[in-house]
Amino acid sequence: MNFCKMHGLGNDFIVIENLQGNLSLDKFQIVSICDRRYGIGADGVMIVNSSETCDIKMSFFNSDGSEVEMCGNGIRCFAKYVYDKDIVKKNPIDIETLAGIKTTFLEIQNSKVIKVQVDMGTPIFESQKIPIDNSKERAIDEKVEFNDHLIDFSAISMGNPHVVIFVDDLDNYPIKKIGPFIENHSLFPKKTNVNFVQIIDNENIRVVTWERGAGLTLACGTGTCASVAIANYKGFVKKKVNASLPGGNLLIEIKDTIYMTGEAVTVFEGIIE
Ligand SMILES: N[C@@H](CCC[C@H](N)C(=O)O)C(=O)O
């Protein structure tokens, strides 16, 4: 089976084609190929499927084998893959995902895609749709207890569930303890991604994400959109924000919907036996 290893800001993926529709990978196979010592190594797997309603369809699996709705860094790589491989030779490209149709706008240099802007859609604030087990309509400025301390958080969906926690000092915050605690908290029936956000000024933020089903990653596209959406809602930032993530930078713009712009990189190709 042929595969392609790609990344967006160090959030890395294995891309596999299934245009004939005869491929099926089980959870164990996904976990095995994502393993960084015994496999290829990646935060997730993307399958290229044909679509009846769109230019192409992306299926996304976390490195723990769970299939989830959407991946922001992944969809930029996915758009690059299908364009560079002549599978969909048009610009923009509409991609079907479990979180709806996403339009991707390609920046092309020497016939290859180098950067992608994605219309990420509208953030979902309703508690039931995130989902979070909460009697309030929205989950803004909620509290959760951790080791006798109360942690302030807000929750939102970008098609997938996100918690946003604002911190003063990202470098010294116990992300590796609080991330998995909230990811698996009973408040979140589908688990959740957890974003730790430091506001630098009203146009610049830093974000580190503990991802559902993948742990600490170098970048999370949906998580950065979720962080900017909540930060703007709370009046911390304007509508155009530069986000600095451990793996690089994303530009997030709030218009009628949220736009995310960033790089997409092909690393290598190979064959899985
Ligand atoms: N890294 C991704 C998000 C991947 C899915 C996420 N772990 C989830 O379970 O929802 C991104 O760039 O958005």
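Start by selecting Gln109 and Lys112: Lys112, in strand β8, is the bridge partner of Gln109. Strands here are DSSP runs of E with at least two residues, helices are runs of H or I with at least four residues, and both are numbered from the N terminus. Residue numbers count from 1 along each chain as its sequence is written. You are looking at a predicted model, where local features need pLDDT of at least 70, side-chain atom pairs count only at pLDDT 80 or more, and totals for chains, interfaces and linings use all residues.

Next, show residues 112-119, which make up β8; β8 runs antiparallel to β7, and 7 bridges join the two. (Two strands pair if DSSP finds at least two bridges between them.) Zoom in on the hairpin between β7 and β8: 2 residues separate the strands, and Asn110 in the turn has a positive phi of about 50 degrees.

Now add residues 93-97, strand β6, which pairs with β7 (residues 100-109) in the antiparallel sense over 5 bridges. Pick out Glu96 and you will find Ile101 of β7 opposite. Here too a hairpin makes the link, with 2 residues joining β6 to β7.

Finally, move to helix α2, residues 72-84. How many of its 13 residues are buried? The count is 12, so α2 is largely enclosed by the rest of the structure. Buried means that 20 or more other C-beta atoms, placed from the backbone, lie within 10 Å of the residue's own; exposed means 12 or fewer, and partly exposed lies in between. Among the buried residues to click on are Arg76, Cys77, Phe78 and Tyr81. After α2, stop at Asp86, whose phi is positive, near 60 degrees.
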